[in-house]
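I open the notebook on this chain. The entries below follow what I looked up, one topic at a time.

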Amino acid sequence: MISKNKITITIFIIWLFNISGILGILSSNSDWFLRLTPVNLSMYVFLIIWNIDNFSKKLLFAFSIPFFIGFLTEYLGVNYGLIFGSYSYGDNLGLKIGGVPFMICVNWAVLTIITADLSKLIHKNTAIQSLFGGFTMMLLDIIIEVSAPRFDFWEFENNVIPLKNYIAWFIIGSIAHYLYHQIKIKTNKKVSIHIFVAITIFFFTFLIF
């Protein structure tokens, strides 16, 4: 059983990083804060794992599903213009493998995990959960895409985001969810909700400023 103190500390860290990141990027030191993006994503992974009762190989396998689905689809996108359209990654997501930042695959895993926990609150049917999770990931991508070039995360050719990018996010996200749900991992829903809200607020802020 996860202690209340651990949950409280986790929520505090999530919002400390989130608010600090927003204020930092809005400041004159924005470049320095943006280069810390891999640290922020790694922190989310750590907090998700830290709040799981029983760590096991099963957990690693579950996390690896969206991670490798993300890598494969992003590799095809970056190198061949398939699935999402023609785009390339900048430098602020860190180390790249085949043109794909390692951290974007981590991002696929984090988004799948937190939206899977949200979907479990909506319905008990796995197929419905998967579709809801894929749809939620697509909505997040719509918000994130606006700030991605500004943050030197990634940029589409001619700065035009094709409709198929969002359709692909929904379809692939739903598939990743369906496979992830088969492993029956119990992550902490409260932690996932706070991470989801923090990410949403973070990128929504930069739709305004």
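**Lys96 and its partner**

I began with Lys96, which is partly exposed with a relative accessible area of 31%. For this I took buried as under 20% relative accessible area, exposed as over 50% and partly exposed as in between, with a 1.4 Å probe and protein chains only. I note that this is a predicted model, in which local features need pLDDT of at least 70 and side-chain atom pairs count only at pLDDT 80 or more, while totals for chains, interfaces and linings use all residues. Residues are numbered from 1 along each chain as its sequence is written, and side-chain values use heavy atoms, with hydrogens and water left out.

I then looked up the partner of Lys96: its side chain meets that of Asp91 in a salt bridge, N to O 3.9 Å. My rule for a salt bridge is a side-chain nitrogen of Lys or Arg within 4 Å of a carboxyl oxygen of Asp or Glu. Asp91 counts as exposed, at 59% relative accessibility.

**The other salt bridge**

How many salt bridges does the rule give? I get two. Besides the pair above, I listed Lys120 with Asp117, whose side chains meet at 3.8 Å, N to O. Both sit in helix α5, and because they are three residues apart there, about one helical turn separates them. Helices here are DSSP runs of H or I with at least four residues, strands are runs of E with at least two, and both are numbered from the N terminus. I checked the accessibility of each: Lys120 is partly exposed at 25%, whereas Asp117 is buried at 2%.

**α4 against α5**

I looked at helix α4 (residues 57-80) and helix α5 (residues 102-122) next: their axes come within 8 Å and cross at roughly 130 degrees. That makes α4 oblique to α5. The axes are lines fitted to C-alpha atoms, for helices over the stretch in contact, and the angles run from 0 to 180 degrees between N-to-C directions. Angles under 35 degrees count as roughly parallel, over 145 as roughly antiparallel, 65 to 115 as roughly perpendicular and the rest as oblique.

I recorded the crossing of α4 and α5 as right-handed. The term means that the near helix is turned clockwise from the far one by less than a right angle, and anticlockwise would be left-handed.

Which residues meet here? From α4 I list Phe63, Pro66, Phe67, Gly70, Phe71, Thr73 and Glu74, and from α5 Phe102, Ile104, Cys105, Val106, Trp108, Ala109, Thr112 and Ile113. By class, this contact of α4 with α5 has 11 nonpolar, three polar and one charged residues. Contact means heavy atoms within 4.5 Å. In the classes, Ala, Val, Leu, Ile, Met, Phe, Trp, Tyr, Cys and Pro are nonpolar, Asp, Glu, Lys and Arg are charged, and the others, Gly among them, are polar.

**Phe102**

I followed up Phe102, which is found in helix α5 and is partly exposed, with a relative accessible area of 37%. Not counting residues up to four places away in sequence, Phe102 touches Phe67, Leu95 and Lys96. Lys96 is thus in my notes again, after its salt bridge with Asp91.

**α4 against α7**

I turned to α4 and helix α7 (residues 163-181), whose axes come within 9 Å and cross at roughly 155 degrees. The two are therefore roughly antiparallel to each other, and their crossing is right-handed. Ala62, Phe63, Ile65, Pro66, Ile69 and Thr73 in α4 meet Ile172, Ala176, Leu179 and Tyr180 in α7. By class I have nine nonpolar, one polar and no charged residues in the contact of α4 with α7.

**Loops with positive phi**

Most residues other than glycine have a negative phi. I noted Asn158, with a positive phi near 60 degrees, in the loop between β4 (154-156) and α7. Asn158 counts as exposed, at 67% relative accessibility. Lys184 also has a positive phi near 60 degrees, and lies in the loop between α7 and α8 (189-208). At 56% relative accessibility, Lys184 counts as exposed.

**Ala198**

Is Ala198 buried or exposed? I have Ala198 as buried, at 0% relative accessibility. Ala198 is found in helix α8 and touches Ile14, Trp15, Asn18 and Tyr44, leaving out residues up to four places away in sequence.
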